[in-house]
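Reader: Hello! I am new to reading protein structures, and I would like a close look at a single part of this one. Could you walk me through it in plain words?

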Amino acid sequence: QVQLVESGGGLVQAGGSLRLSCAASGRTFSSSAMGWFRQAPGKERQFVAAMSRSGINTAYEDSVKGRFTISRDNAKNTVYLQMNSLKPDDTAVYYCAVRRLNLAAVSRNPSDYESWGQGTQVTVSS
């Protein structure tokens, strides 16, 4: 089991930046792949970014590619989502998630993730 806690969300003007953090306990991020998802009211949970266990392979949803960057600090057992050039359409609750132990591959499918954080709200004003 792993527990995840997101932080870093807030209100930002369009064009601004935020850095989300996700701290894990119970086991380390280094043991499996991880990802970020977001969900706006009335919408399905949407894939945002993911990173393989090795940290070599990453994937991004097309609308955030070039603006968002996923990274991990294994020593701190923390995953980050750096968000630049934010747009109002980025407004959502953002969730981090990890795959089961030893599952290494990037996945865009939320059903492939075992544990989820509580979410952090990101609001981008126009």
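Reader: Let us take the two cysteines, Cys22 and Cys96: are they buried or exposed?

Author: Happy to help! Please keep in mind that this is a predicted model. Cys22 and Cys96 are both buried.

Let us stay with this pair for a moment. The two cysteines form a disulfide, with 1.9 Å between their sulfur atoms, and the structure holds one disulfide. The link of Cys22 and Cys96 is right-handed, with 50° about the S-S bond. Cys22 belongs to strand 3 and Cys96 to strand 9 (residues 92-99), so the disulfide ties together parts that are 74 residues apart in sequence.

Now look at the strand that carries Cys22. Strand 3 is part of an open sheet of four strands, in the order 1-3-8-7, with antiparallel pairing. Strand 1 (3-7) and strand 7 (68-73) are the edge strands, each pairing on one side only. From one strand to the next, the twist averages 15°. In general, the strands of a sheet pair through backbone hydrogen bonds, either parallel or antiparallel. To see one pairing here, find strand 7 and strand 8 (residues 78-83), which pair in the antiparallel sense over six bridges. There, Thr69 stands opposite Gln82 of strand 8.

Next, follow the chain on from strand 3. The loop between strand 3 (18-25) and strand 4 (34-39) contains Ser31. Because its relative accessible area is 12%, under the 20% limit, Ser31 counts as buried. Leaving aside residues up to four places away in sequence, Ser31 touches Arg53, Leu101, Asn102 and Leu103.

Past that loop you come to strand 4, where Phe37 sits. Phe37 is buried, with a relative accessible area of 0%. Its ring takes part in an aromatic pair, and the structure holds four aromatic pairs. The partner is Trp116: the ring centres are 5.0 Å apart and the planes stand at 55°, so this pair is tilted. Like the disulfide, this pair joins distant parts of the chain, since Phe37 is in strand 4 and Trp116 in strand 10 (residues 113-116), 79 residues apart. Trp116 itself is partly exposed, at 26% relative accessibility. Ring pairs also bring in other residues, linking Phe37, Phe47, Tyr113 and Trp116 into a cluster.

Trp116 has a charged neighbour as well: Arg45 lies over the face of Trp116, 4.7 Å from the ring centre. You can find another arrangement of this kind back in the region where we began. The charged end of Arg19 sits over the ring of Tyr80, at 3.9 Å from its centre.

Finally, go to strand 11 (residues 120-125), where you will find Thr123. Thr123 counts as partly exposed, with 28% relative accessibility. It touches Gly10, Leu11, Val12 and Thr91, not counting residues up to four places away in sequence. Thr123 and Val98 are 25 residues apart along the chain, and their C-alpha atoms are separated by 24 Å.

To return to your question, Cys22 and Cys96 are both buried, and the disulfide they form ties strand 3 to strand 9.

Key: Residues are numbered from 1 along each chain as its sequence is written. This is a predicted model: local features need pLDDT of at least 70, side-chain atom pairs count only at pLDDT 80 or more; totals for chains, interfaces and linings use all residues. Side-chain values use heavy atoms; hydrogens and water are left out. Helices (H or I, at least four residues) and strands (E, at least two) are DSSP runs, numbered from the N terminus. Buried means under 20% relative accessible area, exposed over 50%, partly exposed in between (1.4 Å probe, protein chains only). Contact means heavy atoms within 4.5 Å. A disulfide is a pair of cysteine sulfur atoms within 2.5 Å. Two strands pair if DSSP finds at least two bridges between them. Axes are lines fitted to C-alpha atoms, for helices over the stretch in contact, and angles run from 0 to 180 degrees between N-to-C directions. Rings of Phe, Tyr and Trp (its six-membered ring) pair if their centres lie within 6.5 Å; planes under 30 degrees apart count as stacked, over 60 as edge-to-face and the rest as tilted. A charge sits over a ring if NZ of Lys or CZ of Arg is within 6 Å of the ring centre and within 35 degrees of the ring normal.
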